[in-house]
Amino acid sequence: MLTPSSPLRTPETIHPSLWLASQLARGGARGVSSGFEALDAELPERGWPPGVLIELLLPQDGIGELRLLRPLLAQEPGQGAARSPQRLARAERIALLQAPYQVNAPGWAHMGVAAARLLHLQADHPADAVWAAEQVLRADSCQALLMWQTRQRKGDHELLRRLHIAAQSGHTLFFMFRPLACAREASPAPLRLTLHAARDGLDIGFLKRRGPLREQTLFLPLSPSPNLQRHAPVDRRTPALATAGSLSSELAG
Amino acid sequence: MVFERERVSAVSATARALGVHEGMRRGGVQLLAPAAHQHERDPLQETAMLQQAALALLQYTPQVALAEEACVLLDVSASLRLFGGIRALCRKIRITIARLGLSATLACAVTATGAWMLARFGDVRTLRTASLCRRLDRLPVVLLSAAVAHLEWLHGLGCRQLGQLRRLPRAGLQRRCGKDLLDMLARAYGEAPEVHDWVVAPPAFRARIELPDRIDQTDILATYAQRLLAQLAGWLAARQLAIKKLRLWLEHERGRQAVPPTELGLPLSVPAWQEDHLHTLVKEKLSRSTLAAPAIALGLAADELQAQQAASELLFPEPGGSAEDHQRLLELLVARLGADKVQQAAPRADHRPEIANRWCSVMQSTTRLPAPMTTNPAHLPPRPLWLLEEPLPLRLHRHRPVYRSPLEFTSPPERIEAGWWEGRPLTRDYFTARDAQHAYYWIFRQWRGGERPDEEPQWFLHGLFG
């Protein structure tokens, strides 16, 4: 008999790992804030969960998926820029694996990710890429690992399961970018989001999360869009003001 | 079964079931178990193996001694805290011994002679003198090597255990059996001091093992390399050194079809001494190399060495891996993916985007590269996150460039005019553009030889704002 005061009505009071299907998982304060209030409110753990596989499914590259991660990855400008890669703290390194295009380091620096923080890995074979991802996750020495999978393949499920298990051994934020066609396939990732470009922002669909089903997409304004970014400051020196009497007496005389 | 001087000296369980036992002659064995594998005992190789084990075990304590009856004695009293207690230490020692391809019985006691006798009896762990005395009292007299000559006489007295032996009158025992027996007994019970001849690590490291067969599979070779690495780890620990360059060589067939040995050099960016790390590196290196011929022997040498740096730990350790862990990760990635596939950014101070975006291997030092970018990136005009390898020509549709769909300009132009000092002048106007799907692109208009009104400019896609 379930009385209103029964602990079975509020399972989250029994243990933080328990929740009702209508609630979002609040396993603890482990989530790393995404920097967007609206998105944090819809994510279990109130942010990006570290140490799990997070799948982001995109129709094409370059629609703003990295601007979505910008508040997470960016740092105060000037911080960490002058330091050598060996002296970085763990929270600062970002590994990029199988990037779809050439990574433009000045562009990342412009976004707030100092070039020294980036580690770029390129593997010739998909098997090597999965191996490299596992090593990065096991070593747990990077803040985030961004991995791209450009094509859908047979046996992906097994690879994703391996990667998810590797991710659980540490606290690295592990984002995997996959084509939208993979949305039809099952995946062991506990958080799967679909991203669609929208005017001045992104439409985020919640394909899978530890919480209730959400049919409608969430629109996230991503500013500044490149067109709204401030233009180059005009570096013009202000001329030194000539004050009265500053002229030397020799010249005056 | 193993033969020594035509007599059986060791028997497997199946052979024992057939009736074979120690001390039988070869003829009798062939009658009982004709299908059994027969091996000759090789005392030279046994001594070599024992020395290898002693070398490998130097990583747990600097005080290692060899004792008779194929025993290695370790003084671990100072190592207990470092390795997390006696159970953890025993577990680690077992793993090391298994990696050498050996098996051992492990016994601990407060006296070395006591431990030696317990080990020959079985896996026994005693930590106090009282429990050691209790254990020793129950051991058979035969384990005391000084008493073996008088065994029949002792058994005749009804004296079968050490406790009974201890109760015999000392004066009579000394007269009949000599001083050695009493001395040994006193050392075992901790009543007399013990003197050991400690094993000293050789000044240079060079190890080699013969493989049991011709092997051409690299993963099997890696398992054998582990034996060498276990010894290397012990040697490095004993001499307080870290390795900078490792050399592994594979010997191939000798004689008529002689193939020169394959050499594999393994340079490390940061000196290391951890056995597991070295093993993964060697494994990756082996799996990436192709063998010219099956290998018959493996060798390992330490080429470049330097003094070991003590690990400095933080008072409040950060979660996740340390800087050393990250270095090891980089080395591991380089070993499998190749040095040119693991890159770090070294942006260059140049206006041309493809030249400003410079990446180099993590094994290279960025500080010595020319013209690093020192400008604060916030002072630069917007730059995309992705660049195309080659700018992609765009076609025009009603005076608007098209990439998948017509592009719409969202920024004023940025003129980049550079490269004239290298004889490759380029004049480009960069724009940020947006397509119908709201993705942002970085496109440019190229002027061939400066801006002229009669010339039609060519449009290119150069990057994507992710």
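**Two helices and a loop residue in a predicted model**

Guide: In this predicted model, helix H9 (residues 170-177) of chain B packs against helix H10 (residues 179-188) of chain B at an angle of about 125°, with their axes 6 Å apart. Helices are DSSP runs of H or I of at least four residues, and strands are runs of E of at least two, numbered from the N terminus. Axes are lines fitted to C-alpha atoms, for helices over the stretch in contact, and angles run from 0 to 180 degrees between N-to-C directions.

Visitor: Why is H9(B) called oblique to H10(B)?

Guide: Angles under 35 degrees count as roughly parallel, over 145 as roughly antiparallel, 65 to 115 as roughly perpendicular and the rest as oblique. The angle is about 125°, so H9(B) is oblique to H10(B).

Visitor: Which residues make the contact?

Guide: Arg170(B), Leu173(B), Gln174(B) and Cys177(B) of H9(B) meet Lys179(B), Leu181(B) and Leu182(B) of H10(B). Contact requires C-beta atoms, placed from the backbone, within 7 Å.

Visitor: Where is Gln274(B) found?

Guide: Gln274(B) sits in the loop between strand S10 (262-272) and helix H12 (275-288) of chain B.

Visitor: What makes Gln274(B) count as partly exposed?

Guide: A residue is buried with 20 or more other C-beta atoms within 10 Å of its own, exposed with 12 or fewer, and partly exposed in between. Gln274(B) has 13 C-beta neighbours inside 10 Å, so it counts as partly exposed.

Visitor: How many residues apart in sequence are Gln274(B) and Leu229(B)?

Guide: They are 45 residues apart in sequence and 9.5 Å apart in space, C-alpha to C-alpha.

Technical notes. Residues numbered from 1 in each chain as written. Chains lettered and ligands numbered in written order. Predicted model: local features only at pLDDT ≥ 70, side-chain atom pairs only at ≥ 80, totals over all residues. Contact = placed C-beta atoms within 7 Å.
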